[in-house]
Amino acid sequence: MASLPDTLAREQLLKDRAAATEVLVPGEPPAVSLLRLCDAGLLQGGLSVALDVRPDELVGPLTQAMGGAARGFKLVDVRERRTLELHVLVGELTERWEVEDLSALVHNLNDLYREAPEVRAIAVLGEWADSLQLLCVDKRSLPRLLRQPFFAPVNARYLARLMESE
């Protein structure tokens, strides 16, 4: 069985193998190691987001990491109500999104770009070191990643359904 760094390198998700080897803790569960690598900034498409970041503050970095058509995503207005209300420009239409947290933003963005093959899907790896660990991955690699024991995102069911719809 290939090591975690070997598998991540093969999937083109690892930025620096030597740095990853220094960060990894021997005997640690692979899913925890993935969180650790994301937090250290060693995963391609990885984002470590402080838990107190508001969804509207994450839109720019997240859509850039998603790539493709998501780079043209426009946030037109933000209204603070009981839940944060984002007014977004989607093509020629403005939509109103109520997002109570970062996970809701991730869900909405994944849903919006589900049929855009060039836009990376966002996997919510979980929380680590007071931050939410996110990984933007090529949709074509999702079926392989979802079979890997180290890849256990919080939104795995949604990502699997995303693959079924293609």
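What volume does the largest pocket have? The answer is about 220 Å³, where the volume is the space filled by probe spheres set on grid points joined across faces, edges and corners. A pocket here is an open set of points on a 1 Å grid over the protein atoms alone, where a 1.4 Å probe fits, with protein on both sides within 12 Å along at least five of seven lines; lining residues have an atom within 4 Å of a point.

Before going on, note that this is a predicted model, in which local features need pLDDT of at least 70 and side-chain atom pairs count only at pLDDT 80 or more, while totals for chains, interfaces and linings use all residues. Residues are numbered from 1 along each chain as its sequence is written, and side-chain values use heavy atoms, without hydrogens and water.

Among the residues lining the largest pocket are Glu11, Arg120, Asp138 and Arg144, along with Cys136 and Val137. Those last two also belong to strand S6 and are buried there, on opposite sides.

So let's turn to S6, residues 131-137 (strands are DSSP E runs of at least two residues, numbered from the N terminus). Because seven of its seven residues are buried, S6 is largely enclosed by the rest of the structure; buried means under 20% relative accessible area with a 1.4 Å probe, protein chains only.

S6 has two antiparallel partners to look for: S1 (residues 46-50), over five bridges, and S5 (residues 121-128), over seven. Strands pair if DSSP finds at least two bridges between them. Ala50 stands opposite Ser131, and Gly126 is bridged to Gln133. In the S5–S6 hairpin, with two residues between the strands, Ala129 takes a positive phi near 55 degrees.

Terms used. Buried < 20%, exposed > 50% of the residue type's maximum accessible area, 1.4 Å probe, protein only. Helix = DSSP H or I, 4+ residues; strand = E, 2+ residues; numbered from the N terminus.
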